[in-house]
Amino acid sequence: MVRVTGPLLYGSAAGAAGTTALDVVSYGDMVLRGRPTSSTPETTVQKLAQRLHLRIPGEGQAQENRTEALGALTGLAAGIGMGAMLGLGHAAGWRPARSTQYAVAVVGALVATNGPMTVLGVTDPRTWATSDWIADIVPHLAYAVVTVSVFNRLLGGVRAPS
């Protein structure tokens, strides 16, 4: 019998830790360079709501606040979800080298966050400057390192049933 719950929960917890690392690096970059927050998560939520013919409740500032919160929640969902996927892969027998885990985590997180924005026309990575790529990739690398490290540490603390 395949045990999914443990690896799924460990992966989710690792993804949450990785998302925290991503946020710390992103906000640190904002502090160092004085750059503003990105509005792309909110714009993505707005465009997705339009495509799905949904209305974000409220008017004026209340609606803007909800949209901003939904944008932040999508980032959390992507980070925790990618960690959960690592856990499900492990439960299914996937046992790659650590370097492969890092690569899968960083690419998965980049696709999960930038993919919807690109598909919805919010951004076009082909037009990004080098500084834009660095500002996007470095936090995702931090995400991958922390997520994979925490996940493997949690797995290492588990003993096989007797």
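# Briefing: helix α1, its salt bridges and two spots elsewhere

Leu-70 counts as partly exposed because its relative accessible area is 36% (buried means under 20%, exposed over 50%, and partly exposed in between, using a 1.4 Å probe and protein chains only). This is a predicted model, where local features need pLDDT of at least 70 and side-chain atom pairs count only at pLDDT 80 or more, while totals for chains, interfaces and linings use all residues. Residues are numbered from 1 along each chain as its sequence is written, and side-chain values use heavy atoms, with hydrogens and water left out.

**A greasy patch**

- Leu-70 sits in helix α3 (helices are DSSP runs of H or I, at least four residues, numbered from the N terminus).
- Together with Leu-73, Leu-76 and Ile-80, Leu-70 makes a nonpolar surface patch of about 310 Å² (areas come from the Shrake-Rupley method with a 1.4 Å probe, and for residues only the protein chains shown count as cover).
- To join such a patch, a residue needs over 30% relative accessible area and no salt bridge; nonpolar side chains (Val, Leu, Ile, Met, Phe, Trp, Tyr) are joined within 5 Å, and like charges within 9 Å.

**Helix α1**

- Helix α1 covers residues 5–33, and its 29 residues should span 42 Å at 1.5 Å a residue (the expected span is 1.5 Å times one less than the number of residues).
- The end C-alpha atoms of α1 are 42 Å apart, so the model agrees with that expected span.
- Plenty of α1 is tucked away: its buried residues include Pro-7, Gly-11, Ala-14, Gly-18, Leu-22 and Met-30.
- Among the elements covering the buried residues of α1 are α3 (60–91) and α5 (130–156).
- Ser-26 is part of helix α1, and it counts as buried because its relative accessibility is 15%.
- Leaving out neighbours within four places in sequence, Ser-26 is in contact with Arg-35 and Pro-139 (contact means heavy atoms within 4.5 Å).
- Right after α1 comes Gly-34, with a positive phi of about 70°.

**Salt bridges**

- The structure has four salt bridges (a side-chain nitrogen of Lys or Arg within 4 Å of a carboxyl oxygen of Asp or Glu).
- One of them pairs the side chains of Arg-33 and Asp-29 at 2.7 Å, N to O.
- Both Arg-33 and Asp-29 belong to helix α1, four residues apart, or about one turn.
- That spacing is handy because an α-helix has 3.6 residues a turn, so residues three or four places apart point the same way.
- Asp-29 is buried because its relative accessibility is 17%, whereas Arg-33, at 46%, is partly exposed.
- Asp-29 also meets Arg-35 through their side chains in a salt bridge (2.4 Å, N to O), and Arg-35 is partly exposed at 23%.
- Asp-124 and Arg-126 form another side-chain salt bridge, at 3.0 Å, N to O.
- Asp-124 is partly exposed at 24%, while Arg-126 is exposed at 76%.
- Asp-29, Arg-33 and Arg-35 are joined into one network by salt bridges that share partners.

**The loop between α4 and α5**

- Thr-123 lies in the loop between α4 (98–119) and α5, and it counts as buried because its relative accessible area is 17%.
- The side chain of Thr-123 makes a polar contact with that of Trp-128 at 2.8 Å (a pair of N or O atoms within 3.5 Å; within protein, one must be able to donate a hydrogen and the other to accept it, and residues adjacent in sequence count only if both atoms are side-chain atoms).
- Not counting residues up to four places away in sequence, Thr-123 touches Met-117, Thr-118 and Trp-128.

Definitions and conventions: Helix = DSSP H or I, 4+ residues; strand = E, 2+ residues; numbered from the N terminus.
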